[in-house]
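This report describes a protein model in plain terms. Please look at the sequence and structure before reading on.

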Amino acid sequence: MMQDVGGVDPLAVGLPRAEDAWAKINLTLHVTGQRPDGYHLLDSLVVRAKVGDRLQVTPAEDLTLSVDGPFAEGVPLDARNLAIRAAELLDAGTGRGAALRLTKNLPAAAGIGGGSADAAATLRALGAHWGLPLPQDTATLGADVPVCLQDGPQRMTGVGEVLTPVGPLPPCWIVLVNPGRPLATPQVFAELECKLNAPMEAIPAFANFAKFATWLASQRNDLEASARAILPEISLCLEALKDAALARMSGSGATCFGLYESAAQARAAAHCIAKVQPGWWVAAAPMISSDG
């Protein structure tokens, strides 16, 4: 999203170009197999929620990264950060410069694609800044980066590289709850007992929110049980969301989500949870239900 400066190109006057890095939510996550190279095969309904990090690009001679925001502490500023790796992939060794400023509003290692969303936002913002098309091999940055380049709902299969647009889905609100403890994805997969499970059913058209929530309840997150065994606080997060139409863990955890039909319901639930658990990260946001 480019800042409105009255018809003046922000880059021409040295103003930042900004992109939102919306959270990625796995409404379902079926683990359907494992390749010989160790990568797991997935079948997942993925949506974005309008809460996330923010990436700004300002013209500069050298490529640099600064980080601020509530989750800035400990965030690397070198190639360990997916934003820098995305910039280097796009630049392809040419030596272009830009000053990147990342505002971290999402917790790390939380199952909501924070780093992947940052990489996608970097590719979009720098692609516009440098006048370059998006690279074809974005999955080399991480399995979730391709889906984070899509705002609309997607059915994600393979190891994350096969995307099929879905929807539009019934509008709804999502409450995200994280207990403040990171959870490493490889550890969760390692604890998974069965790695050959049934895929999702065909995704139907949904007449309303209630039918959408009912169908989702018949699907799964195959990583939830192993994640809960590693981090029991996930069970507390799900219990806190018991008034939602559906409560489930996202991705490999530890963030859990609750689906609500209205903004008022979601905001009320988030307020109550934050009051009882002031040390948790809690956010209420609308789901992006279509590409429109």
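## Nonpolar cores

The largest nonpolar core (buried Ala, Val, Leu, Ile, Met, Phe, Trp, Tyr and Cys residues joined through side-chain atoms within 4.5 Å; buried means under 20% relative accessible area with a 1.4 Å probe, protein chains only) has 55 residues. Leu100, Leu126, Val175, Val177, Leu223 and Ile234 have the most contacts inside this core. Helix H2 gives the most to it, with eight residues. Another core lies apart from it and has 28 residues, among them Ala23, Val51, Val166 and Leu176.

## Basis of the model

The model is predicted: local features need pLDDT of at least 70 and side-chain atom pairs pLDDT 80 or more, while totals for chains, interfaces and linings use all residues. Residues are numbered from 1 along each chain as its sequence is written, and side-chain values use heavy atoms, leaving out hydrogens and water.

## Helix H2

Helix H2 (a DSSP run of H or I, at least four residues, numbered from the N terminus) covers residues 114-130. Its 17 residues should span 24 Å (1.5 Å times one less than the number of residues), and its end C-alpha atoms are 24 Å apart, which agrees. Of these 17 residues, 14 are buried, so H2 is largely enclosed by the rest of the structure. Just after H2, glycine 131 takes a positive phi of about 70 degrees.

## Lysine 24

Lysine 24 is found in strand S1, residues 17-26 (a strand is a DSSP run of E, at least two residues). Lysine 24 is buried, with a relative accessible area of 3%. The side chains of lysine 24 and aspartate 144 are joined by a polar contact of 3.3 Å (a pair of N or O atoms within 3.5 Å; within protein, one must be able to donate a hydrogen and the other to accept it, and residues adjacent in sequence count only if both atoms are side-chain atoms).

Key
Buried means under 20% relative accessible area, exposed over 50%, partly exposed in between (1.4 Å probe, protein chains only).
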